[in-house]
Amino acid sequence: MADKNVDNAFVEFDRVQKSYDGETLVVKDLNLTLPRGEFLTMLGPSGSGKTTCLMMLAGFETATYGDIRLGGVSINNIPPHKRGIGMVFQNYALFPHMTVAENLSFPLEVRKMGKSEREQKVKRALDMVQMGAFGGRRPAQLSGGQQQRIALARALVFEAELVLMDEPLGALDKQLREHMQFEIKRIADDLGITVVYVTHDQTEALTMSDRVAVFNDGRIQQLAPPDKLYEEPENSFVAQFIGENNTLEGVVQEINGNRATVQLDGGEVIDAKPVNVSKPGERTRVSIRPERVEYNKDRLQEGVHTLKAEVLEFIYMGDIFRTRLKVAGNDEFIIKTRNAPDQVRLQPGTQIEIGWLPEDCHALDA
Ligand SMILES: Nc1ncnc2c1ncn2[C@@H]1O[C@H](COP(=O)(O)OP(=O)(O)O)[C@@H](O)[C@H]1O
Ligand SMILES: [Mg+2]
């Protein structure tokens, strides 16, 4: 059982490609390895290939090329119901004419499980999602959040070690969605199951996951834990897709170890960390988070380059101040500051100077 190698590579996509029409690849050379117990999220815009990957893992689609392994065993030729995988979809897919308990019991019955064992498993799964008292109701007699919980219980009733979820919270309102994010994460941790979760919502991905695979155009752009993804994006796509970002464009002037100077298109020079650039003369898009921009000169490092900025708009947001600036020709440059007692509320029309720690400004692909 406790084979270390298999535990570290519980789910494996090995050079997987997928084409539906025999021409275009919607999944291009996908390599991904999940250890047992991990909560991994596939995050990306619509059409980037997330659902296709999940369907291949579940067995409802076949890979055009490459291999998918579960517990070290290739599953390409194993039908879906023999893979031991639980699945949760956005639209719940509960049977309306059956009670909650029957919805959960039905797939076990199909697998020829005895009545008392079924009842025991159904009770256990309903208790896990705190719906033990609702077994006799029909889906129409439940709220959206309760139906989603039943859908989750139905995936858990098999006691599958691997559960796949495709945008399971998409139909819920914001408050319920946030509550369920927390709940799903807690249940997954408690049971020690492995989860592959699909969403296009970056906040959801960041708050729930051990690691996030950012998809675009059929490829994983970056695979990393949430903090690394946010703080060290490896390319412009990831920087822009995850969180809010300011970008400026220019040409690399000089690279010195982990410092680069970049000349912006308007002539100004700034300091940055070279991420996707390797030599002078290359075009780059630099990326800096709103909360890492500093305008208080006392807090800026000695000798760093600064930029002149004009305040265009000040927005009071309660916990933070959000100020829009015009910087080097970009009039959508945002800075965010905490609403602290000593924090100035910058008024439109004010001229300021801004700067940052060079390591907070990433020189990425143009
Ligand atoms: N059954 C299908 N037949 C043909 N093309 C499909 C099918 N399912 C998805 N696609 C196409 O494959 C691409 C990836 O889709 P999908 O995996 O659903 O992306 P996502 O889940 O990231 O939104 C899209 O261009 C989509 O139109
Ligand atoms: Mg999808």
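In which sense do strand 13 and strand 19 pair, and over how many bridges? Here are some notes on that and on other features, for you to follow in the model, which is a predicted one.

1. To take the opening question at once: strand 13 pairs with strand 19 (residues 361-365) in the parallel sense, over two bridges. If you would like a residue pair to look for, K273 has H362 of strand 19 as its bridge partner.

2. Strand 13 (residues 269-274) also has strand 12 (residues 259-264) as a partner, this time in the antiparallel sense and over four bridges. Within this pair, A260 stands opposite A272 of strand 13. Four residues lie between the strands of this hairpin, and G267 has a positive phi near 105° there.

3. Please have a look at the open sheet, where six strands follow the order 6-7-8-3-9-10 with mixed pairing. Its edges are strand 6 (85-89) and strand 10 (219-224), each of which pairs on one side only. From one strand to the next, the twist averages 15°.

4. At one of these edges, strand 6 runs parallel to strand 7 (residues 162-166), and five bridges join the two. A handy marker here is F89, whose bridge partner in strand 7 is D166. Helix 5 lies across both strand 6 and strand 7, and runs at about 165° to strand 6.

5. Helix 5 (residues 144-156) has a helical partner too: it packs with helix 6 (residues 174-191) at an angle of about 25°, and the axes are 11 Å apart. Angles under 35 degrees count as roughly parallel, so helix 5 and helix 6 are roughly parallel to each other. The crossing of helix 5 past helix 6 is right-handed. On the helix 5 side, G144, G145, Q148 and L152 make the contact, while helix 6 brings L176, M180 and I184. By class, this contact comprises four nonpolar, three polar and no charged residues.

6. A second helix pair deserves a look alongside that one. Helix 3 (residues 100-110) packs with helix 4 (residues 115-128) at about 130°, with 9 Å between their axes; helix 3 is therefore oblique to helix 4. Here as well, helix 3 passes helix 4 in a right-handed crossing. A101, L104, S105, L108 and E109 of helix 3 meet R118, K121, V122, A125 and L126 of helix 4. The residues of this contact fall into six nonpolar, one polar and three charged.

7. Further along the chain, strand 15 (residues 307-316) and strand 16 (residues 320-327) are paired in the antiparallel sense over seven bridges. E313 has R324 in strand 16 as its bridge partner. There are three residues between the strands of this hairpin, and G318 takes a positive phi near 90°.

8. Strand 16 continues into another hairpin, running antiparallel to strand 17 (residues 330-338) with seven bridges joining them. R324 appears again, now with I334 in strand 17 as its bridge partner. Two residues separate the strands in this hairpin, and A328 takes a positive phi near 45°.

9. Finally, the ligand site. Around ligand 1 you will find Y20, V26, G44, S46, G47, S48, G49, K50, T51 and T52. Sorted by class, this shell has two nonpolar, seven polar and one charged residues.

Notes:
Residues numbered from 1 in each chain as written. Chains lettered and ligands numbered in written order. Predicted model: local features only at pLDDT ≥ 70, side-chain atom pairs only at ≥ 80, totals over all residues. Pairing = 2+ DSSP bridges. Axes fitted to C-alpha atoms, helices over the stretch in contact; angles between N-to-C directions. Parallel < 35°, antiparallel > 145°, perpendicular 65-115°, else oblique. Left-handed = near helix turned anticlockwise from the far one by under 90°. Contact = placed C-beta atoms within 7 Å. Nonpolar A, V, L, I, M, F, W, Y, C, P; charged D, E, K, R; others polar. Near = placed C-beta within 6 Å.
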